[in-house]
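Subject: The structure I promised, with notes

Hi there,

Here is the structure I said I would pass on. Please open it first, and then read my notes below alongside it.

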Amino acid sequence: MFELVSNYQPTGDQPKAIEYLSKGIQEGKKFQTLLGVTRLTEKLLLWQILSKKCKNQP
């Protein structure tokens, strides 16, 4: 398990994207597409999603 430590806070549409993609993972979707992001934003969003998923697991 890991803990995400960052001064970065998701803004704009990012919280909605995190929720949407996290829900897709929980539903077992194998493929999802994240459009219109830079590499840095992509990595930060993925870390947010992974952090959220790990918190929700027993």
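A word on terms before anything else: by contact, or touching, I mean heavy atoms within 4.5 Å of each other. Please keep in mind that this is a predicted model, where local features need pLDDT of at least 70 and side-chain atom pairs count only at pLDDT 80 or more, while totals for chains, interfaces and linings use all residues. Residues are numbered from 1 along each chain as its sequence is written, and side-chain values use heavy atoms, with hydrogens and water left out.

**The chain as a whole**

The protein chain has two helices and zero strands. Both kinds of element are DSSP runs numbered from the N terminus: H or I with at least four residues for helices, E with at least two for strands. Helix α1 covers residues 14–26, and helix α2 covers residues 39–56.

Of the chain's 58 residues, 17% count as buried. For burial I use relative accessible area, with a 1.4 Å probe and protein chains only: buried is under 20%, exposed is over 50%, and partly exposed is in between. The chain exposes about 5000 Å², of which carbon and sulfur atoms supply 55%. Those areas come from the Shrake-Rupley method with a 1.4 Å probe, and for residues only the protein chains shown count as cover.

Take the contacts between residues at least 6 apart in sequence: 69% of them join residues at least 24 apart.

**Helix α1 and its two faces**

With 13 residues, α1 reaches 18 Å from its first C-alpha to its last, close to the 18 Å expected at 1.5 Å a residue. The expected span here is 1.5 Å times one less than the number of residues in the helix.

Which residues of α1 are buried? They are Q14, I18, L21, S22 and G24. These residues lie on the same side of α1, because they cover an arc of only 155 degrees around the axis. That arc is taken from the directions from the helix axis to the C-beta atoms. As general background, an α-helix has 3.6 residues a turn, so residues three or four places apart point the same way.

The face turned away from the buried side of α1 carries the exposed residues K16, Y20 and Q26. Just after the helix, G28 takes a positive phi of about 85 degrees.

**What the buried side touches**

The contact lists in this part do not count residues up to four places away in sequence.

- Q14 is buried at a relative accessible area of 16%, and it touches Y8, T41 and L45.
- I18 is buried too, with a relative accessible area of 7%. Its contacts are P10, L45, Q48, I49 and K52.
- S22 has 6% relative accessibility and so counts as buried. It touches I49 and K52.

L45, which appears in the lists for Q14 and I18, lies in helix α2. At 2% relative accessibility, L45 counts as buried.

A few C-alpha distances may be handy if you want to check how the chain is laid out. L45 and A17 are 28 residues apart in sequence and 8.2 Å apart in space. For I18 and L50, the separation is 32 residues in sequence and 9.6 Å in space. E19, another α1 residue, is 29 residues from Q48 along the chain, with 9.7 Å between their C-alpha atoms. E19 itself is partly exposed, with a relative accessible area of 45%.

**Salt bridges**

How many salt bridges does a search of the whole structure find? It finds two, where a salt bridge is a side-chain nitrogen of Lys or Arg within 4 Å of a carboxyl oxygen of Asp or Glu. K23 and E27 form one of them, at 3.9 Å from N to O. K29 also pairs with E27, and the closest N and O atoms there are 3.9 Å apart. K23, E27 and K29 are thus linked in a network of salt bridges. E27 counts as partly exposed at 48% relative accessibility, and K29 is partly exposed at 40%.

Happy to talk any of this through once you have had a look.

Best wishes
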